[in-house]
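Trainee: Could you walk me through this one, a question at a time? I'd like to see how you get to each answer.

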Amino acid sequence: MRVLGIETSCDETGVAIYDSEEGLISEALFSQIDLHVEYGGVVPELASRDHIRKTIPLIKQVIAESDKAIDGIAYTQGPGLMGSLMVGAAIGRSLAMAWNVPALGIHHMEGHLLAPMIEDPAPEFPFIALLVSGGHTQLVEVQGIGQYRLLGDSLDDAAGEAFDKAAKMLGLPYPGGPQIAKLANSGNAGRYKFPRPMTNRPGLDFSFSGLKTFTLNTIASEREQNRLDDQTRADIAHAFQQAVVDTLAIKCRRAIRETGISSLIIAGGVSANLSLREKLGAMVDEENARLYYPRPEYCTDNGVMIAYAGCQRLKAGETTGLPFSVQPRWLLEELTAC
Ligand code: KG4
Ligand code: ZN
């Protein structure tokens, strides 16, 4: 089965064609970063207007590279920005009607969660998933597609959101995650000791708002003492990144021990962070477990993960009817097995 996937939940227009027999056929991505950078974050109305401009040309581009007809269409149904989701869903549903093929709305985080399965070797079920994106920080026990048990969740800011906010405090442009990672490379370890929130008590939930305040206070204090030079900023970026990475690693180790599941996958924008990959790589070695992650371009938003997830579910016979809807808020646990 050959599936066209459309991702428009936030600030990336991603489309791809995935074939259940032949794998990935074609993909195209347009990032809106330049559009939003002057505002320091995503402006929803600008995002949806740009998806309107880009989605159809990108679909034409990937279709031109496919030697066979499309058998089904998958689009991101949520969670995400209402207007942006509406663009992908309306285009996907309409094209499916015109081509007389089934359409299916996909959960954006399921797309992220299944992205490591596009790689070789792919993880086998069951596995633990650490989902770390701009809107989510979750630990999920995955027994199969749609069989998700939430082990831990963020009580406030998501990991990516914390990266973005810390970057803003340090005067770095949006999106902040990759910028902090770059600055941290020239930072020295040991100058600052940032907290590892919620690691002293049991449980697998996360909270990054205290770390954000700690970062803000550290920057303010250094600025007051006229010490906020480039090296200081790099040292703060390093300490901040290390605190997030350590916190995530402590919780992942705990999840492996508590569930007895020895495959860990990481997905979502923050999983592109090299320091996180290194730390988790060392941790799984100690636990006799294995770590899987998608290549960096499939960590952040893309159409491939939606085409892949859609292919699995459409193949199993799932479809969305003609009256479609989008869900800006949508819990992963509400999904059903396929
Ligand atoms: O998955 P994603 O592209 O979009 C959402 O679904 O939210 O994740 C975007 C988030 C942003 O907060 C961005 O700063 C963060 O992922 N991010 C990173 C890195 N690359 C992207 N955070 C830390 N290190 C990175 N290398
Ligand atoms: Zn995402």
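Trainee: Is Tyr308 buried or exposed?

Mentor: Keep in mind that this is a predicted model. The cut-off for buried is under 20% relative accessible area. Tyr308 comes out at 8%, so the word for Tyr308 is buried.

Trainee: And Tyr18, is that one buried or exposed?

Mentor: Same approach, with the value for this residue. Tyr18 has a relative accessibility of 11%. Buried means under 20%, so Tyr18 counts as buried.

Trainee: How many aromatic pairs are there, and what kind of pair do Tyr18 and Tyr308 form?

Mentor: A pair of aromatic rings is described by the distance of the centres and the angle of the planes. The count here comes to 6 aromatic pairs. For Tyr18 and Tyr308 the centres are 5.1 Å apart and the planes make 85 degrees. Over 60 degrees counts as edge-to-face, so the pair of Tyr18 and Tyr308 is edge-to-face.

Trainee: Which parts does the pair of Tyr18 and Tyr308 tie together?

Mentor: Look at where each ring comes from. The two parts are 290 residues apart in sequence. Tyr18 lies in one and Tyr308 in the other, so the pair ties together strand β2 (residues 12–19) and helix α11 (residues 304–315).

Trainee: What about Phe194 and Phe214, what kind of pair are they?

Mentor: Their ring centres are 4.9 Å apart. The planes stand at 65 degrees, so this pair is edge-to-face.

Trainee: Where do Phe194 and Phe214 lie, and which residues form the aromatic cluster with them?

Mentor: Phe194 is in the loop between α6 (176–184) and α7 (209–224), while Phe214 is in helix α7, so the pair ties together parts 20 residues apart in sequence. Phe194 is buried at 2% relative accessible area, but Phe214 is partly exposed at 33%. The cluster is made of Phe194, Phe214 and Tyr192.

Trainee: Which ring has the charged end of Arg277 over it?

Mentor: Arg277 is one of the buried residues in α9. Its charged end lies 3.9 Å from the centre of a ring, and that ring belongs to Tyr293.

Trainee: How far apart are the end C-alpha atoms of helix α9?

Mentor: Start with what you'd expect. Helix α9 (residues 274–286) has 13 residues, and at 1.5 Å a residue they should span 18 Å. The model agrees with that, since the end C-alpha atoms are separated by 19 Å.

Trainee: What covers the buried residues of α9?

Mentor: First, the residues that need covering: among the buried ones in α9 are Leu276, Leu280 and Val284. An α-helix has 3.6 residues a turn, so residues three or four places apart point the same way. The cover includes β6 (127–132), α8 (230–259), β9 (263–267), β10 (290–292) and α10 (296–299).

Trainee: Which backbone atoms does the side chain of Thr8 reach?

Mentor: Thr8 is in the loop between β1 (2–7) and β2, and at 1% relative accessibility Thr8 counts as buried. A polar atom of its side chain lies 2.7 Å from one backbone atom, the oxygen of Ser84. At 3.2 Å, the side chain also reaches the backbone nitrogen of Gly88.

Trainee: Which residues are the protein donors of the zinc ion (ligand 2)?

Mentor: The spacing along the chain is H-x3-H-x188-D. The two histidines both sit in helix α4 (residues 108–114), 4 residues apart, about one turn of the helix. Both His108 and His112 are buried. At 2.0 to 2.1 Å from the zinc ion, the donors are His108 (NE2), His112 (NE2) and Asp301 (OD).

Trainee: Glu110 is in helix α4 too, so which side chain does Glu110 join in a polar contact?

Mentor: Glu110 is buried, with just 1% relative accessible area. Beyond its neighbours within four places in sequence, Glu110 is in contact with residues including Ile145, Tyr148, Arg313 and Leu335. The polar contact is 2.7 Å, and the partner of Glu110 is Arg313.

Trainee: Last one: how far is Ala74 from Gly268?

Mentor: Ala74 is in strand β4 (residues 72–78) and is buried, with a relative accessible area of 0%. Ala74 and Gly268 are 194 residues apart along the chain, and their C-alpha atoms are separated by 19 Å.

Note on methods
Residues are numbered from 1 along each chain as its sequence is written. Chains are lettered from A and ligands numbered from 1 in the order in which they are written. This is a predicted model: local features need pLDDT of at least 70, side-chain atom pairs count only at pLDDT 80 or more; totals for chains, interfaces and linings use all residues. Side-chain values use heavy atoms; hydrogens and water are left out. Rings of Phe, Tyr and Trp (its six-membered ring) pair if their centres lie within 6.5 Å; planes under 30 degrees apart count as stacked, over 60 as edge-to-face and the rest as tilted. Buried means under 20% relative accessible area, exposed over 50%, partly exposed in between (1.4 Å probe, protein chains only). A charge sits over a ring if NZ of Lys or CZ of Arg is within 6 Å of the ring centre and within 35 degrees of the ring normal. The expected span of a helix is 1.5 Å times one less than its number of residues. Contact means heavy atoms within 4.5 Å. A polar contact is a pair of N or O atoms within 3.5 Å; within protein, one must be able to donate a hydrogen and the other to accept it, and residues adjacent in sequence count only if both atoms are side-chain atoms. Donors are N, O and S atoms within 2.8 Å of the metal (3.2 Å for Na, K and Ca); water is not among the atoms, so sites may look incomplete.
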